[in-house]
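Hi,

Here's the structure I promised to pass on to you. Have a look at it first, and then read my notes below.

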Amino acid sequence: MKNSFLKILFGIILGSVTAVSIAQTSPAPAPAAASASAAAAAAPVRQSNVHPVSKNITARLANSPRHFDIVKIKQGDREVETYVFYPMTKDKAMAVVLIHEIFGASDWMRAAADQLAEAGYIVLVPDLLSGMGPNKGGTNDFADTQVTAGVQRLPADQVMADLSAVADYAKKLDACNGKIAVGGFCWGGGKAFAFSTVNKDIKAAFVFYGAPMLPVAEMSKVNCPVYGFYGEADARISASVPAETDAMKAAGKTYDAIVYPGAAHGFMRLGQMDDSSVANKKAAEDSWKRMLDLLAKLNAPAAK
């Protein structure tokens, strides 16, 4: 009886040891390959005092059902890394090139692009710091505290050439209906205004609190309507709006600018923050609706 019990006990112990050995030496199943979009969406979120991001924005990026690609667009001897967000639609769509803030191609820019894609547009966000960072990287290769200096050093001619390459790429996308607009925030707002003098394909330029904008002599070169979005509590930028309005009118160009009461510089970002002021929140909401209304009119089929 005793010998039988010992045999049973030894068998249990031996089986347990064998099972543990198998568990430790068997290879783990290979993880499923991640798509480029999934890998990019899983990239670390850049949150810092330089360009803070609200929890709502990180959630949008994590949970968006929309597809986006990361492409490298040739421009001379450069490659401009560009996020391309697609709407969920069966029809061809208008494309919008969004020019980033002085904070580079940040997560806030990606979230803004996704929000615009949700409204039915193909949205391209070029990282204009591509190739300019450490190890020839872009925005994500800079230390947070160095991004703004990197953007400020970008050569103006290079920026315009990069944007032209991106706009040309957008127009040729199979999913694009051939219509293109450009928009920009902060530093990118000023570049959107400047780009309106360079590219004859764009249907409109949306300038969000971009610093000035164009010399009066350049106003005659503007190729499309320009729509401005400015904050009242941002005199560094908004104080020049009346003079720009007069200059654009004298040049025979469409320039429709709104200055939002009490709003600060960067209200599109600030208005989405968890601790946003009432003025910034309202300016952001009203500006977003205004841009969507204008895009819808631009994208409407031509009357027969």
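Before we get to the loop I want to show you, one definition: helices (at least four residues) and strands (at least two) are DSSP runs, numbered from the N terminus. Also keep in mind that this is a predicted model.

Let's start with the whole chain. There are 11 helices and 8 strands in it. The chain has 304 residues, and 46% of them count as buried. Its exposed surface is about 15,300 Å², with carbon and sulfur atoms supplying 58% of that. If you take the contacts with a separation of 6 or more, 68% are between residues 24 or more positions apart.

Now for that loop. Ser220 sits in it, between strand S6 (202-208) and strand S7 (226-233). Is Ser220 buried or exposed? Neither, quite: its relative accessible area is 47%, so Ser220 is partly exposed, because that class lies between under 20% for buried and over 50% for exposed. Which residues does Ser220 touch, if you leave aside its neighbours within four places in sequence? Those are Ala251 and Lys253. You can also look for Met248: it is 28 residues from Ser220 in sequence, while the C-alpha atoms of the two are 7.6 Å apart in space.

Next, two helix pairs to find on your screen.

The first is helix H4 (residues 107-118) with helix H11 (residues 278-299). Their axes are 12 Å apart and the packing angle is about 50°, which means H4 is oblique to H11. The crossing of this pair, H4 and H11, is right-handed. From H4, the contact uses Ala112, Gln115 and Leu116, and from H11 it uses Trp288, Met291, Leu292 and Leu295. Sorted by class, the contact of H4 with H11 has 6 nonpolar residues, 1 polar and no charged ones.

The second is helix H6 (residues 156-171) with helix H7 (residues 187-195). Here the axes come within 11 Å and cross at roughly 75°. Why is H6 called roughly perpendicular to H7? Because angles from 65 to 115 degrees get that label, and so H6 is roughly perpendicular to H7. On the H6 side, the contact is made by Ala156, Val159, Met160, Leu163, Ser164 and Ala167, and on the H7 side by Trp187, Lys191, Ala194 and Phe195. In the contact of H6 with H7, the residues divide into 8 nonpolar, 1 polar and 1 charged.

Happy looking!

Methods
Residues are numbered from 1 along each chain as its sequence is written. This is a predicted model: local features need pLDDT of at least 70, side-chain atom pairs count only at pLDDT 80 or more; totals for chains, interfaces and linings use all residues. Side-chain values use heavy atoms; hydrogens and water are left out. Axes are lines fitted to C-alpha atoms, for helices over the stretch in contact, and angles run from 0 to 180 degrees between N-to-C directions. Angles under 35 degrees count as roughly parallel, over 145 as roughly antiparallel, 65 to 115 as roughly perpendicular and the rest as oblique. A crossing is left-handed if the near helix is turned anticlockwise from the far one by less than a right angle, and right-handed if clockwise. Contact means heavy atoms within 4.5 Å. Ala, Val, Leu, Ile, Met, Phe, Trp, Tyr, Cys and Pro count as nonpolar, Asp, Glu, Lys and Arg as charged, and the others, Gly among them, as polar. Buried means under 20% relative accessible area, exposed over 50%, partly exposed in between (1.4 Å probe, protein chains only). Accessible areas come from the Shrake-Rupley method with a 1.4 Å probe; for residues, only the protein chains shown count as cover.
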